[in-house]
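Thank you all for coming. I would like to walk you through one structure, beginning with its cysteines and then turning to its ligand.

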Amino acid sequence: MKTPDPIESLADLRHEFGEHGGVNMSVETSTTFTVMAADTLPEIFQGLRGPASGGCYLYGRHFNPTVYVLGRQMAAIEGTEAAYCTASGMSAISSVLLQLAGHGAHIVAGNTIYGGTFALLKEYFPAKVGLKTTFVDVSNIAAVEAAFTDRTKVLFIETMANPLLTVADIPTLAAIAHAKGAKLVVDNTFCPMVVSPIQHGADVVVHSLTKFINGASDYIAGAICGTAEFITSLMDVHQGTLMLLGPTMDPQAAYAISMRLPHLGIRMVEHSRRAKVFAERLAESKVPVTYPGLPSHPQHDLLKRIMNPDYGYGGILCIDLGTKLRANEFMEILQNKDRFGFMAVSLGYFDTLMSCSASSTSSEMSPEDLEEAGIQPGLVRMSIGYTGTVEQRWEQLHSALEILNLV
Ligand code: PLP
């Protein structure tokens, strides 16, 4: 199957003009909308009449026009019928999972997912809503199949699992989920443009827009991409998790993020290009580096099969410094001596962000869970930025490794 170019799909999208014909869309800040004919209100309320069918927008927590535009752009990027945006990546994930799997149901999830999602599934859901999860190594297909029960409603994975960059075999996992009557939900936060999970059989794609898609680390935001029926169900006034739990995106945030989408592709190309140069040089210098663009990565060939052409292998790499102490020393040199990047959680920023996963973004996991998932105490995750020149940044990185006698 030919994978559509996400940038082309985005360009195909009907342009949203501003209120006065401006090249940028206007921001709609109204929280409520005027109904012109009183007898249309019941149908508007039931979702039977919208702005395109003789009705109007209803209320800002339901659909807001500016947030809706960003949703349509996200749908174009992921190749889905529809999408809607939320106040955070976590609210996108929790809303989707609660919509698809309620009390008494069961989820199968990857065991190296983002720590917040791990805690949501392992601790919060069982305690608050009686929804249980079995965690598995998603690269072990037999283990994934064996984890399903007759209550399993969702298989939840990350395209490139956090932080070890294990690439999921989305086509095979989609086939397993569907054969068992479950939906495949994919968190594609690490790989916008790089992989389009829907093209490989996923049912729903979620994003933390806080990361690469936004690119400036100034908004917390999320997105849910899926069928029009699923997105509409999230807004149902009786059973919709977005409508009733209310993780609503601010229209100003939707506007700001929308303005960064046209250069997302260019940014991903550059994040990926630099991460690959550094990973190759680190590997040549015998530094333990994990990067899916290296032929030595266990899922390098798999990623080559499922990735879109032209956006590279992603902007994240990991270096194993052996111990937490050395990992901390390494990051301190890089930040405080040379300004190579920032010691900060998160990813997808224009500057490099570095964190020691076991003691930060994966710290919700117990020592046993960390060991089982293969997350070493000295593992430093680096989201490679694109400021400065490649050679300036390489010199800084190399000099930090020299100071620690690693090269
Ligand atoms: N998914 C992944 C892969 C993440 O790395 C994160 C945050 O780090 C999230 C989801 C949560 O997103 P947010 O912080 O926007 O709620």
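**Cysteines and the ligand site**

At 0% relative accessibility, C318 counts as buried, where buried means under 20% relative accessible area, exposed over 50% and partly exposed in between, with a 1.4 Å probe and protein chains only. Please keep in mind that this is a predicted model, in which local features need pLDDT of at least 70 and side-chain atom pairs count only at pLDDT 80 or more, while totals for chains, interfaces and linings use all residues. Residues are numbered from 1 along each chain as its sequence is written, and side-chain values use heavy atoms, with hydrogens and water left out.

The closest cysteine sulfur to that of C318 belongs to C356 and is 10 Å away, too far for a bond, since a disulfide is a pair of cysteine sulfur atoms within 2.5 Å. By this rule the count of disulfides is zero. C56 is buried as well, with a relative accessible area of 15%.

Which residues are the closest to the ligand? They are M90, D187, S208, T210 and K211, among 14 that surround the ligand, a residue being near if one of its heavy atoms lies within 4 Å. Turning to polar contacts, which are pairs of N or O atoms within 3.5 Å, a polar side-chain atom of D187 lies 2.6 Å from a ligand nitrogen, and a polar backbone atom of M90 is 2.8 Å from a ligand oxygen. On its own the ligand has 390 Å² of accessible area, of which the protein covers 93%, by the Shrake-Rupley method with a 1.4 Å probe.

Methods
Polar contact = N/O pair within 3.5 Å; in protein donor to acceptor, adjacent residues only side chain to side chain.
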